[in-house]
Amino acid sequence: MDIREAIQQRHSVRAYDDRPITGEELEKLEALIKECNEESGLHIQLVTDEPKAFQSRLARYGHFSGVRNYIVMAGRRRLEKLDELCGYYGEKIVLEAQRMGLRTCWVGATYKKIPEAFEILDDEKLVIVIAIGYGLDDGKEHKSKKAGLVSSVNADSPAWFKNGVRAAILAPTAMNQQKFYLQKEWDKVSAKAGFGPYAKVDLGIVKYHFEIGSGKGHEIWA
Ligand SMILES: Cc1cc2nc3c(=O)[nH]c(=O)nc-3n(C[C@H](O)[C@H](O)[C@H](O)COP(=O)(O)O)c2cc1C
């Protein structure tokens, strides 16, 4: 499966079986996380075989079951665009995980912090976590806003912009709020976050999808 197919097929999955992440999958995930940390300066950590974070009433209320592994998205509070970076690099890991047969769900609220399971230094902030594992199902497609509501796309837009926006509306966003706006400005694109919880994390996720869909690199951003 290539990464564009992963974008089409990824949906949030909240129920997992008890197969542990081991062997080649574990090695690949750890290598990718190390690479993302080096590139971004974030402190992303994979927590495996730790069921407590998702056993609380809150997690059950959030319809999670069988979550034993998760990715902690954290970084220095002073890191510029910390939330957006967590979104961007987290989604990079999510889509690679999808390609490896794993399923995921971004989780802002419905879990409990288990401090002994990971390390958050004094000057760091835990932004969000991502549940990961072998899904009991593949999730389902979310309802989506029309491309014209989240971007300046129109019939005359170049194919790269249309493809980028198409990938962006498949991105996961908190409560499926899709409160972002992508505006084409000549050969650049400006990406704006709306207001709302995790809007900046959403923006990072959306920017990663747009880059993949459009085939453009990070230099596309105005
Ligand atoms: C930043 C962020 C935070 C999220 N927090 C939660 C959460 O706390 N609980 C939950 O069940 N889903 C959470 N989600 C998953 C969204 O509800 C889901 O991505 C959205 O409904 C779109 O569905 P999809 O991921 O299947 O495309 C979160 C997603 C994002 C991007």
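1. In this predicted model, strand 1 and strand 2 (residues 70-76) run antiparallel and are joined by 3 bridges. Within this pairing, valine 47 has tyrosine 70 of strand 2 as its bridge partner.

2. The sheet to which these strands belong is open and comprises 4 strands in the order 1-2-4-3, with antiparallel pairing. Strand 1 (45-47) and strand 3 form the edges, each pairing on one side only. From one strand to the next, the twist averages 25 degrees. As general background, the strands of a sheet pair through backbone hydrogen bonds, in either a parallel or an antiparallel manner.

3. Helix 4 (residues 82-99) packs on the sheet and touches strand 2, strand 3 and strand 4 (124-133). The direction of helix 4 makes about 15 degrees with that of strand 4.

4. Turning to the ligand, 22 residues surround it, and Ser12, Trp106, Pro172, Ala174 and Asn176 come nearest. Strand 3 (103-107) and helix 7 (199-214) each contribute at least two residues to the shell. Strand 3 is thus named in two settings: as an edge strand of the sheet and as a supplier of shell residues.

5. As to composition, 11 residues of the shell around the ligand are nonpolar, 9 are polar and 2 are charged.

6. Where does the ligand lie with respect to domain 1 (3-133) and domain 2 (147-217)? The ligand lies between the two, because both domain 1 and domain 2 give residues to the shell around it.

Note on methods
Residues are numbered from 1 along each chain as its sequence is written. This is a predicted model: local features need pLDDT of at least 70, side-chain atom pairs count only at pLDDT 80 or more; totals for chains, interfaces and linings use all residues. A residue is near a molecule or strand if its C-beta atom, placed from the backbone, lies within 6 Å of it. Ala, Val, Leu, Ile, Met, Phe, Trp, Tyr, Cys and Pro count as nonpolar, Asp, Glu, Lys and Arg as charged, and the others, Gly among them, as polar. Domain bounds come from an automatic or database domain assignment. Two strands pair if DSSP finds at least two bridges between them. Axes are lines fitted to C-alpha atoms, for helices over the stretch in contact, and angles run from 0 to 180 degrees between N-to-C directions. Two residues are in contact if their C-beta atoms, placed from the backbone, lie within 7 Å.
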